[in-house]
Amino acid sequence: MAVARAPPSTRSKKNKKEKEGLDSSGHHADKKNKKKKEGLDSSSHHGDKKKKKDKHKERESSNLEAIAETEPASNVSATQLTVTKLFRVDQATFRRITQTQARGEHEQRMNALRKVPIFNKAENDQGGLSTYDLTKIAKKVMKSRSFQPNQVLAKQCEVGKAALYIVQKGNVVCTRTHSNDDGTTAITGASIYGPGDYFGERSLLASEPYPGTFVGASSSSSPLCSDGNGEESNTKERRNDNSVVVYVIEKAVFEKALGPVSHVLQKTHGIRLLSNVPILKEAQLSAQQHEALFLAMRETSYEAGHQITIHGEPTRPALYFVRSGHVNVEISNSGENNPEEGGDDCKTVDDDAEHDTKASPTTVSLSSAEVVSADGYFGESLLLLGITRHGNHAKRRVKSCLTVTCTEPTTVSELRLADCRGIFDIKLLGECKKKKKKSISKSKKERQKKAHGHDDPCESDDGNHSTDSTHSLFDSLEPLIRARPDLKLEDLKRIKLLGHGNFGQVWLATDDKMNRDEQTAYALKVQSKHELVAQGQAELILRERKIMGGIQHPFIVDFVASFQCPRFIYLCLGLVQGGELFNLMFNPDADNDGVPEPHAKFYAYCVADAIAYLHLSGYVFRDLKPENIMIDSTGYPRLIDFGFAKHIITDKTFTFCGTPAYLAPEIVGSVGYDWSIDHWALGILIYEMLTGTSPFVDDEEDADQMTLYRSIINDDFERPAEASDEACDLLLKLLEKDPAHRIGSWARGETDILEHPWFARDLDLNELRLRQVQAPWVPDIKDPLDTSCFDDWDDLVDKMAQDDPVLTESEILKINEVFADFEN
């Protein structure tokens, strides 16, 4: 099947002139007429793509606050026999109510979890669970269940249904019995558990049998005793019956979502240790990145006398944590491998310093030695030694600056720099490395001053001379594209219009100060400040600039720079010249829509890696679709358009936004969502690539939105007829209605997706990242300024040449204040 892109000449120019909105990727804008309805465009490109393949029908993405107004599913009329009073709730109010209820329910669950000692930091020797893990339990594991009076919740000595129960409403009676020698049963004790009490913690921890039989009681029963150390709930009961409502945390579900309880507690402790390592602390990593680092650590046990690393010998750049036992760390204070000079490692081990690769060899002097025991770490300097000068790659081997010897049987966890590179940008560590070098240099000068009696009383000696007190993920990253560091707006020459929208345009631009043979093409997105503020879109573009300035990945469009002038703001991005993935999937010259399965696997694996990177960085993308995936000059996909991307930490978000056919059930149901919606959208994308149709839209007709939404929530999808079993298995796991059970939400997170057999059996992710795998299709790009994969927009007026409306002084001040921090 041919997979060449659709020629731009076959697309309708009518849509160009009538389209609304600018594609925030900076490549080209939406080519579909926006329906004048509140909410999402109710049409889909699937309905008539076979009839009009010459039109590039792109699904509209709209930032919604309410579901589109559509015809009601049924007619409702009042009878003439009685007077009927109706209370009308508009959609915006209804959504606010559901959001408030969802947030209140979430907080109630979090409070209930905090009262359980095994989860509580203050009452657990291992530190309890982090807020991140508690949130995962509340969102993905806890289920609220109702039991009638006298209904059995758990039986004495039962082990098959291991679970922890937290009473939410009503009372639960626990009866303990004993079997006599004559075969009779005697009651040996009874307890009543009220709201806030819990039972089954030993069942959850160690699958131990329940100590008694737990039965629902009337909510009016008064407690005899409270073995669960709970408190009476002050919340108003939601039901008028005598049912008992409990939160249930099933062991099987818990372990699927987070892993064994003991391992989760150990993980929390390990993450706490990781976050206290200075170079990792300065990098300000997200909770997801800390968890990924912990999961990447390799545990190894050594006998007494074993040397983990020897000074001057090749070793892996890695950071080590002592789990048990003791090691003796000897630290070099001079010589060619002297990362420690001037460093201060007194808390655990001296590892903070800079390695000067140009230093002359000198005699090694081991100036200090220290014993590191459980919960201590060493190797921070080894980790820094592995970072290349530009911070883009991790060295496989370095000459060790330490000699580490086990003084007794010891277990250590190793965090390799190569694994760090797959979780966060190691340039962050490179920034720490530069800071340490400056700090060490200043400390050395201080010692020399004091040695010669020239101590300056006006200069602080606390070692903290850096003026950058707000270092964050967004401060130190540079784009992969080779742009001059001093690139200015006036250096950019606009060559050709690539896209047009309500608020601005996208231009092909070049650096006017570069020689012709060194030219690099950029996509320069120009947007009107006045129109962005007037239409309430300023916050979106500010958020997009912040996100794009802080991420870097081989399968994400490169951010180069941002500028502003009195009238416009500018986003300078790397130009992706191969057109959209959409064009490969719906090529009018092909016999069938979609792409061959091996091609779908290639594109999906790259996209899944980009999505995993965003999630580890704390972002949810929220608008994954083939229109937002461009093909670069090497044939590899690049994720574009971060207008809907959002940073979330542990809480859910509720904004109703995205593309209708790609919306997850939890978005449609307005119950709040997190990163798992991107996994659902990945499933839709894979299905469309394999079949050329959406799993929840009949491609023979344009279904209205409400029909589509009902199908997303209620219907199963049809298995792709010619897809492999492995592809169908991944689709089933990605298109799981319950986000708690969706792949990517389990204990191993994104790893479960990236290591799924459909991907990992045929492709190597590291080879993909290095572009060592031949792409299924490579665009025919003649030169860096080739725009043959873009539409011809030359008939449109240069928006920058048009005049803005006359603004008052207060309006100008407001606009300037909004975009004060937009530039680099």
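Two strands count as paired if DSSP finds at least two bridges between them. On that basis, this predicted model contains the two open sheets described below.

**Sheet with β10 and β16**

One open sheet has 4 strands in the order β10-β19-β13-β16, and the pairing is antiparallel. Its edge strands are β10 (298-302) and β16 (377-378), each paired on one side only. Strands β13 and β19 run antiparallel and are joined by 6 bridges. Within that pair, Leu319 has Leu415 in β19 as its bridge partner. Helix α6 (residues 261-275) lies across β10, β13 and β19. The helix runs at about 135° to β13.

**Sheet with β3 and β6**

Another open sheet of 4 strands follows the order β3-β8-β5-β6, again with antiparallel pairing. β3 (152-154) and β6 (185-193) each have a single partner strand, so one side of each has no neighbour in the sheet. From one strand to the next, the twist averages 30°. β3 and β8 run antiparallel, and 2 bridges join them. Here Val152 stands opposite Val215 in β8.

The two strand pairs are set out here.

| Strand pair | Bridges | Residue pair |
|---|---|---|
| β13 (residues 318-324) and β19 (residues 410-416) | 6 bridges, antiparallel | Leu319 and Leu415 |
| β3 and β8 (residues 213-217) | 2 bridges, antiparallel | Val152 and Val215 |

**Cysteines**

How many disulfides does the structure hold? It holds 0 disulfides. Are Cys572 and Cys606 buried or exposed? The cut-off for buried is under 20% relative accessible area. Cys572 has 0% relative accessibility, so Cys572 counts as buried. Cys606 also has a relative accessible area of 0% and is therefore buried.

Technical notes. Residues are numbered from 1 along each chain as its sequence is written. This is a predicted model: local features need pLDDT of at least 70, side-chain atom pairs count only at pLDDT 80 or more; totals for chains, interfaces and linings use all residues. Side-chain values use heavy atoms; hydrogens and water are left out. A disulfide is a pair of cysteine sulfur atoms within 2.5 Å. Buried means under 20% relative accessible area, exposed over 50%, partly exposed in between (1.4 Å probe, protein chains only). Axes are lines fitted to C-alpha atoms, for helices over the stretch in contact, and angles run from 0 to 180 degrees between N-to-C directions. Contact means heavy atoms within 4.5 Å.
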